[in-house]
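I opened this notebook to record what I looked up, one topic at a time. The entries follow the order in which I went through the structure.

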Amino acid sequence: MSSQPLDPNTPPLPPPPIAPAFAPASPYVRLPKSPGLAAFLSLFPGLGQVYNGHIARAFAFFFSWVGSIYLTASGHEFPFAFVIPFVYLYNMIDAWKGANAINQRFLGGRTTPDQETTVESPIWGGLLAVFGVLILLNNLGWLDLERLARWWPVLLIAVGVWFVYESIQKKRASESGDEPTQL
Amino acid sequence: MSRRSSSAFSPEGLTLGICLVAVGGAWTLSNLGRIELLPTLRTWWPLSLLLWGVLELADLAIRRSSGRS
C-alpha cells in the first residue's frame, strides 16, 4: 500500500466488503472435453474422435474397424479377427487420451511429447491417403485387395521398424538433452 | 478451443467443398447424358479420402513450420 498523508477533513473510508463464507477459494474451470464421454462415444469406433474434433483420425479408426471386419468375413480370419478387438479397444483409449491432451492444453500445462503426438500426428492423414489409394486402385481393377491381404505381415515389419526408429530417436534426444524429434 | 484456430485452412472444410463441387459437376454431366452418375461415384469416391489425407498432412506441415518460425 502506498503511504499518503492523512487529511483530517477526509471522511473515513468504508470498511472493505467481507467475502461471504461460501465463496469458492478458486474459480471453477469447465474443461472443454470429457475423457469419459469421449471413451463412451467410442463404443461406436470413431465417434469419440469426432467429439474431440479429430475427424481424420475418426475416419482412420472407422475404416480400420470396418476393413478388418470385411477381411475377416471374406476368409482371412487370421490375423484380422484379432485386429478387430485391437482396433476397437485402441480407438477407445485414443479418444480418452485425446480428450485429456486437449484439456491439458486448455489449462496451459506443459504437454509431454506423447500427449502432443496424441493430438497431432501425420499418421492419421497418411492413413486416410493410403486407404484412399488402396480402395481406388481396387475399384479401378489395378489391385486385388483380397490378394493383397496375404502381405499383412509387412505391417508387422513396418511397426517394428517404427518402434526401433522411435527408440533410437529418444535415446539420441536423452543423450543430447533435447526433446525428441516429433514425427 | 480448437486446434484449427491458428491453422491456415481447414482440411475438412476444403475437402467437403471440393467433394461438393465434384459431385455437383458429375451430377450435371449425368443430367446432360455425358456420364453415368452412380457407377462414376462408386469408382471414384476414394479420391475424397486421398485428398483429405493429403490436406491433413499439408495442414500439419504448415502449422509445424509456422510454429518453428
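Before anything else I fixed the term I would use most: two residues are in contact if their C-beta atoms, placed from the backbone, lie within 7 Å. With that in hand I looked at chain A, where, among contacts between residues at least 6 apart in sequence, 51% join residues at least 24 apart.

**Ground rules.** I am working with a predicted model, in which local features need pLDDT of at least 70 and side-chain atom pairs count only at pLDDT 80 or more, while totals for chains, interfaces and linings use all residues. Residues are numbered from 1 along each chain as its sequence is written, and chains are lettered from A and ligands numbered from 1 in the order in which they are written.

**Confidence.** I noted pLDDT next, which is the predictor's confidence in each residue, from 0 to 100. Chain A has a mean pLDDT of 78, with 75% of its residues at 70 or more, and chain B has a mean of 80, with 83% of its residues at 70 or more. In chain B I also marked residues 1-6, where the pLDDT is below 50, although this stretch has nine contacts in the model beyond near neighbours in sequence. For the model as a whole I wrote down ipTM 0.72 and pTM 0.57.

**Elements.** I took helices (H or I, at least four residues) and strands (E, at least two) as DSSP runs, numbered from the N terminus. Chain A has eight helices and zero strands, and chain B has three helices and zero strands. Among the elements of chain A, the lowest mean pLDDT, 56, belongs to helix α5 (residues 113-119) and the highest, 93, to helix α1 (residues 35-41). Among those of chain B, α3(B) has the lowest mean, 83, and helix α2 (residues 37-44) the highest, 88.

**Helix spans.** To check the helices I used the expected span, which is 1.5 Å times one less than the number of residues. The 18 residues of α6(A) should span 26 Å at 1.5 Å a residue, and the end C-alpha atoms are 26 Å apart, which agrees. Helix α1 of chain B, residues 11-31, has 21 residues and reaches 30 Å from its first C-alpha to its last, close to the 30 Å expected. After α6(A) comes G141(A), whose phi is positive, near 80°, and after α1(B) comes G33(B), whose phi is also positive, near 80°.

**Burial.** I called a residue buried if 20 or more other C-beta atoms, placed from the backbone, lie within 10 Å of its own, exposed if 12 or fewer, and partly exposed in between. By this count 23% of the 183 residues in chain A are buried, and 12% of the 69 residues in chain B. In α6(A) the buried residues include W124(A), L128(A), F131(A) and I135(A).

I then asked myself whether F44(A) counts as buried or exposed. F44(A) sits in the loop between α1 and α2 (47-52) of chain A, and it counts as exposed because it has 12 C-beta neighbours inside 10 Å. Its C-alpha atom is separated by 8.5 Å from that of Y88(A), 44 residues apart along the chain.

**Cores.** A nonpolar core, as I use the term, is a set of buried Ala, Val, Leu, Ile, Met, Phe, Trp, Tyr and Cys residues joined through C-beta atoms within 7 Å. The largest has 19 residues, and those with the most contacts inside it are A56(A), F59(A), A60(A), L128(A) and F131(A). At least two residues of this core come from each of α3, α4 and α6 of chain A and α3 (46-68) of chain B, and α3(A) gives the most, with seven residues. A second, separate core of nine residues includes A38(A), A39(A), A95(A) and A101(A).

**Where the chains meet.** The contact takes 21 residues from chain A and 15 residues from chain B. On the side of chain A, the largest share, twelve residues, comes from α6(A). Two residues of chain A gave me examples: F131(A) touches F63(A) and L49(B), not counting residues up to four places away in sequence, and N139(A), which lies in helix α6 of chain A, is in contact with T43(B) and P46(B), leaving aside its neighbours within four places in sequence. N139(A) counts as partly exposed because it has 16 C-beta neighbours inside 10 Å.
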